[in-house]
Amino acid sequence: MKEEKVILVNEKDEQIGLMPKLEAHKKALLHRAFSVFIFNDNNELMLQQRALNKYHSPGLWTNTCCSHQREGETNIEAGKRRLMEEMGFVVDLKESISFIYKAPFDNGLTEHEFDHVLLGQYNDRPIINPEEVASWKWMPLEEVKVDISLHPELYTEWFKVIFDKFYEHINIKS
């Protein structure tokens, strides 16, 4: 399998290079990423539990899916590709906000991402890829907010950042 490369960017999200994904995480270099948030008609968020074999944040709960854009791929194209690869469905997505965050992990890797948040609607069950996703559930946003405050260790770092700082942008019914 071909090694995935991430798009290195500056603080204006301008591409400055490509690097193997693991190397970028070892060196904590800023790279482009996206986070998809899928809601149903009841304004519940589809959460995924990351597969237990992930090299960071295994078994933690997070947004519907997330990953890195490939060179030449738009944020929307990347979001749709990864949504199909992880959750087994594709829907229309719209861009919301973007932000930079940095989160070191116990294993020596660091996420340092220029993250683009993408929003979409879906009401059916996903067909999860067990290599990527251990489980999934629908959860009302208010319950997610409370659960993160009570059990922050159960959630990925980027998901907590998005919820803390950008809640009003992801709450599409507000």
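The exercises below work through a predicted model of one protein chain, each with a solution in steps.

**Exercise 1. Describe the fold of the protein chain in terms of its helices and strands.**

Solution. Begin with the inventory: the protein chain has four helices and nine strands. Next, place these elements in order along the sequence, where they follow the pattern β-β-α-β-β-β-β-α-β-β-β-α-α. Finally, turn to the stretch that the UniProt record, in an unreviewed entry, lists as "domain: Nudix hydrolase", namely residues 29-161. Over residues 29-161 the chain is 21% helix and 40% strand, and the C-alpha atoms at the two ends of this stretch are 18 Å apart.

**Exercise 2. Work out whether the radius of gyration of the protein chain agrees or disagrees with that of a compact globule, and describe the chain as a whole.**

Solution. A compact globule of 174 residues would have a radius of gyration near 16 Å, and because the protein chain has 15 Å, the two agree. The C-alpha trace spans about 40 × 30 × 30 Å along its principal axes. As for the interior, buried residues make up 55% of the 174 residues. Among contacts with a separation of 6 or more, 61% are between residues 24 or more positions apart. The surface can then be considered: the protein chain exposes about 8700 Å², of which carbon and sulfur atoms supply 50%. With regard to charge, there are 21 positive and 29 negative side chains, and the centres of these two sets lie 3 Å apart.

**Exercise 3. Decide whether Glu86 is buried or exposed, and find which residues surround it.**

Solution. Locate the residue first: Glu86 belongs to helix 2, which covers residues 75-87. The relative accessibility of Glu86 is 4%, and since buried means under 20%, Glu86 counts as buried. Setting aside neighbours within four places in sequence, the contacts of Glu86 include Gln48, Thr64, Cys65 and Cys66, and also Ile127, Ile128, Asn129, Glu132 and Val133. One of these partners, Ile128, sits in the loop between strand 8 (110-121) and strand 9 (133-140). Ile128 has a relative accessibility of 27% and therefore counts as partly exposed. Seen from Ile128, with neighbours up to four places away again left out, the contacts are Glu86, Met87, Val133, Ala134, Ser135 and Trp136. By way of contrast, His56 is 72 residues from Ile128 along the chain, and their C-alpha atoms are separated by 19 Å.

**Exercise 4. Establish where Leu18 lies and what it touches.**

Solution. Leu18 is part of strand 2, residues 15-20. Its relative accessible area is 36%, so Leu18 is partly exposed. Beyond residues up to four places away in sequence, Leu18 touches Lys5, Val6, Ile7, Leu8 and Glu71. Gln121, by comparison, is 103 residues from Leu18 in sequence and 32 Å from it in space, C-alpha to C-alpha.

**Exercise 5. Examine the backbone at Ala28 and Asn43, and state where each residue is placed.**

Solution. Take Ala28 first: although it is not a glycine, Ala28 has a positive phi of about 55°. Ala28 is placed in the loop between helix 1 (21-27) and strand 3 (31-39), and at 17% relative accessibility it counts as buried. Asn43, also not a glycine, has a positive phi of about 60°. Asn43 lies in the loop between strand 3 and strand 4 (44-50), and with a relative accessible area of 16% Asn43 is buried.

Methods: Residues numbered from 1 in each chain as written. Predicted model: local features only at pLDDT ≥ 70, side-chain atom pairs only at ≥ 80, totals over all residues. Heavy atoms only, no water. Rg over C-alpha atoms; globule rule 2.2 N^0.38 Å. Buried < 20%, exposed > 50% of the residue type's maximum accessible area, 1.4 Å probe, protein only. Contact = heavy atoms within 4.5 Å. Areas by Shrake-Rupley, 256 points an atom, 1.4 Å probe, with all protein chains shown as cover. Lys, Arg positive; Asp, Glu negative; His and termini not counted. Charge placed at Lys NZ, Arg CZ, Asp CG, Glu CD. UniProt positions renumbered as here; feature names shortened; annotations may be inferred.
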